[in-house]
Structures are given as C-alpha cells and as structure tokens.
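Student: Could you walk me through this one while I have it open?
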Amino acid sequence: MAEDDIIEIRDPEVDVEEIMQRIRERLRQRAAQKKAEPWLPDFGSEMADIDPSVRALAPKMCYSLQQAREQANKIWVDLLLTETMTRRIPFLGGLWRRIRREAHNLVLFYVNILAANQAAFNNHVVRILSELVGKQKQLLDQEDALKQLRAEIEALRADLKELQALFSTRPD
Amino acid sequence: MAGEGRKIAIVVPRYGEEILGGAETLARGLAENLVDRGLEVDVLTTCARDHYTWQNYYRPGSEIINHVNVRRFPVNQNRDLARFLDLSRKIATHQELTTEEQYGWIDEGVHSASLYDYIDRSGGLYDLLIFVPYLFGTTYYGSTLRPEKSIIWPCLHDEPYAYFEATRTMLEECRGIVFNSWPEMEFAKERLRIVNDGMRIIGFGFHDLTGVGDRFRKKYRIRERFIVYSGRLEAAKNLPLLVSYFTKYKERNQNDLFLILMGTGPEILPQRRDIVQLGFTEEQEKLDAYAAATILCQPSVNESFSIVLMESWLNEVPALVHDLCAVTKYHCQKSNGGLYFGNYEEFEECVNLLLERPDLRRQMGANGRRYVLTNYNWDRIFGKFKAALKVWC
C-alpha cells in the first residue's frame, strides 16, 4: 500500500504552520478587541461608528472626523472630456479627440500617482484622529472613575474626622 | 535497460504540445520521460483539440511528437449535446443525479469507437494501459475493455463526478490507481471509500526550468510588485474570489501591488489599471513571469497536484493558496514555501506579511524550490514508477 514518502523541507527560520498560527491568533485578538471596545476605530475603509458618549461630548469634532473619513480617499480623478465643436471636422476632429484623450490620460496618470500618495497620507491622519477620538471614550470613563474615587475619599475623610473627634473627646 | 522492455499505452482524450490542461500536460510529460528512459510508449488519443466541442481537429493515424508515438482516433460525432448540457446543468446546480443519469452524462461525453476497437483488438500488445484523467468517456469505457491491465491516473478532486457510481466501479475494478499526492489518495480512500490493492502515489516530474524576471518586467514595463495567477480564467479555478479579494485589498491598502493574470477563459474581469490580463503566454514567458513575481496565488480548491505551484517554486516565488484545498495546502506545509488563506482577512495578512518581509519571501521561495527539486525530479518519479510497475505487472 502506498505511503506518504514526501521529503519535507525543514527550515529553522521558516515554519509555515507557526506563521499561520500567529496570523490567525492576531486576527482573533483583533476581532475580540473590536467586540470588547466597539468605540475603537477600525482601520481602513470599515471604520466603526464613534461612541455615542463621545459624540454627545464633542459633536463638532465627531462630525469633522466623519467627514474626513469619507473624503480621505475621494481624491482620485477620472477622465472627463467635454465635447467640442472640433468633433464635427472630418478626420482631423477624430484625430484631435484622440490626441486630447491621450494627453488627458497622461496627466491623469501623474495626478493619480500624487493622489495615491495623498490618500495614503490622509488615511494615516484619519487613523490618528480616529484613535484620538477613541481615547476620548477612555478619558470619559476615567473621569467617571476619578469622580467616584474622589467621592470615596471625601467620605473616608469625613469618617476620619468623626473618629478623630470621638477620640479627642473621650476621657482617658 | 531501465524500462526492462515494458510496453505501455497512455490513453488520454487530448494530446499535443498546444494542449495545456493539467492532466494533458501530465500525460505528455510522463510519455516523453518514459520514452527517454527506455520504455516503449504509445499514446492513444483522439483527434480533438477543444474539450468543449470535441470536434475532430487533428488527422487520424500515427505521428511522432517529441520521440513519442501518438496514435489518434476520431471522436464519435453522434453525442446528444442537449442531454449532456442538461445533465451538466443539474450537476452544476448540485442536483442529485440518478445512476442512470450519471451514466447518461458519461455516454454523451467524449468517445471514440475506433479507439475502443483498437484497445479491444490490440490491448494485448501492451503490458499496461494508463488512463489519464478519470473524468472522460475514453477512461470510463476504455478501461473496462482490459481492466486487468488498466491503471487509472485520475487527477481526482472533491467534485460531484468523483461520487458517481461509475467512478467507484472504474476505480475499484482496474489494476491500479496512481495519485499525484497523499491528500488525493486520502480523499479516494476516506471520502469515496475506494478499495484497490494497486494504489500508488507517484506525482509529476519537473526539469529545472527557470525564467528571467527582468526580461518580463522590461517587456511589459512593470516596475511594481505583483501577484501572479496562472491558469484558466474561470470560476472553477476560484479566480473570481482572487479578483474580489485583490480589489478589496487595494481599497484597504494603498500600495503599488498589481495582479497579473496568465491564461484564457470565460471569466469577465474588471477593467482596472492594477489588474493586467496577459492572455495566453508562451512557456518561457510564463517562467519569466514567475521569476519576476512577488507572490504566486493559486486560489483553486480543486487541485490534485498543481503544476503551477511547482513551476513557480522552481523560480523561487513564495505561494499563497486556499486553505480549503487539501493538496496545495499540503504542499505548502511540507515545503515551508507558501501560506494559505481561508477568508479575506487572512488573505490580507498573508499578502502584507510577504510584502513587508523580503527575507521571508526569499526563504520561502528557496524552500519551495528545494521541495520540487527533491521530491519531483524525474529520476525520483521514474524510480517510483518502476517500483509500481513491479507490483502491477
């Protein structure tokens, strides 16, 4: 009966199964993080909605961020050629149209290279802003915790004062 | 002599240098290399070139192609195409066929009465008749004429035809079965429950053929990094998935990556600057493209071997394959030469990892090359073939 006699290539530096495990673990963690912290922005085109508590606190900032997200990649230029009277001229009209089209395409080629760079830059900026807005939620939570801690300290101080008063008035 | 005076017939529905299917390439490579090593080989094939129409294209009779004697027989032209298409549609829409319909589908496929007549009359001249691949009338019916001498080289994958009653009967009643890889044999044994004492894993051999990346980049004026795909442009090869993943990837990642497609087929693809269709490419140009590529992607989940994967590894290109293809995933795991994706997120992570780590790319490509040269050189393949001959004959 046939057996698997394939000769494996063992490489101390590359273990495909280990690489795949790491990739899958990273994706799992990312998915779990998304669930646990829904206000955190999702990078790329699928950015999550901003947390309502942050939106209530800073509505203008959130609106601007939303606009920035939507506009970050809308800088690509498509071919836009309007018809001119020259199209009616036999032969030369067609030739001129073709030359015009090629010239436009050439310009677009370079413009869109620039656009690609700009879009990459925009995306980075939007990501940073999204992260900062995400941090707002953490700050809000921390502020609440701080208020609670302050109240507890105040209560403890009051208790302490009472105890001090009690001890100072008690006869030895 | 290495061949020990054996005479072998390889029966394949189409044969010729311009026939590019995987099984047909395998049959041609096998025939040429067995002849080079002293075996007497006849190829028995039809006059058809196109596997959709099965029209007779070549002249019937004998001719020598690369030292191999090729006998061509005309295809029967009396098939009921409407019935064939009707049954094919049922299969494609996952409707269950009755056993009668399964045989009907085979009946309306490719057949050659004169080929069957030749096997019946002259089959005794050969020590073995090797039928490649399983999915054609010439194999189903040809192998029933001399089952005691018939070896099926099925090139199986997990598809509805593999579950046909006729497939089971054929694979169990023949003298032996040759598989291209361990997962293919596991599929036959574990999923299809095929029982046959003459099962062997042999695979396909490769000569050390490499390309020149710069020549490809210069010819097509491509400076960007690119993923290369080679094969038929059709849904059965999972190409639409690759294109949709690539398109999504480019929306989410602003980089210079291109997708270059080699091959022809019915799939209509989006017109984008970063997706380039080269159509049919000559053999050397294909190797040049591999040598220039950053990553090879083989998204198909229906492979019994994947010649494309091996050819690209010979050119030291890391591979990216589909997690659901047991065979290509197996090759990647055994070679440490490629990664695999099961969804878009994994595809993106794998691509980005390979783009960001040229050292990893180089190492994986080198591992892939070692894997092919070690396991799939013709000397090793021929050794396995000779050992199998001893069992079968």
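Tutor: What follows is a short talk about a sheet in chain B and the helices beside it.

Student: Before that, what are the ground rules?
Tutor: This is a predicted model, in which local features need pLDDT of at least 70 and side-chain atom pairs count only at pLDDT 80 or more, while totals for chains, interfaces and linings use all residues. Residues are numbered from 1 along each chain as its sequence is written, and chains are lettered from A and ligands numbered from 1 in the order in which they are written.

Student: What is the strand order in the open sheet of chain B?
Tutor: The six strands run in the order β11-β10-β9-β12-β13-β14 with parallel pairing; strands are DSSP runs of E with at least two residues, helices are runs of H or I with at least four, and both are numbered from the N terminus. Two strands pair if DSSP finds at least two bridges between them.

Student: And which strands sit at the edges?
Tutor: Those are β11 (275–279) and β14 (338–341) of chain B, each of which pairs on one side only. From one strand to the next the twist averages 25°, where axes are lines fitted to C-alpha atoms, for helices over the stretch in contact, and angles between N-to-C directions run from 0 to 180 degrees.

Student: How many bridges join β13(B) to β14(B)?
Tutor: Four bridges join them, and Ala319(B) has Gly338(B) as its bridge partner in β14(B). The chain gets from β13(B) to β14(B) through α12(B) in a right-handed β-α-β crossover, meaning that, with the strands pointing away from the viewer, the path from the first strand over the helix to the second runs clockwise.

Student: Are the residues of β13(B) buried or exposed?
Tutor: Ala319(B) and Val321(B) point one way, Leu320(B) and His322(B) point the other, and all are buried; buried stands for 20 or more other C-beta atoms within 10 Å of a residue's own, exposed for 12 or fewer, and partly exposed for what lies in between, with C-beta atoms placed from the backbone.

Student: Which strands does α12 of chain B lie across?
Tutor: Helix α12 (residues 326–335) lies across β12 (295–298), β13 (319–322) and β14 of chain B, at about 145° to β13(B). Helix α13 (residues 344–356) of chain B also packs on the sheet and touches β12, β13 and β14, its direction making about 155° with that of β14(B); contact requires C-beta atoms, placed from the backbone, within 7 Å.

Student: Switching topic, how covered is α5 of chain B?
Tutor: Helix α5 (residues 137–145) is mostly covered, with seven of its nine residues buried, among them Tyr140(B) and Tyr141(B).

Key
Contact = placed C-beta atoms within 7 Å.
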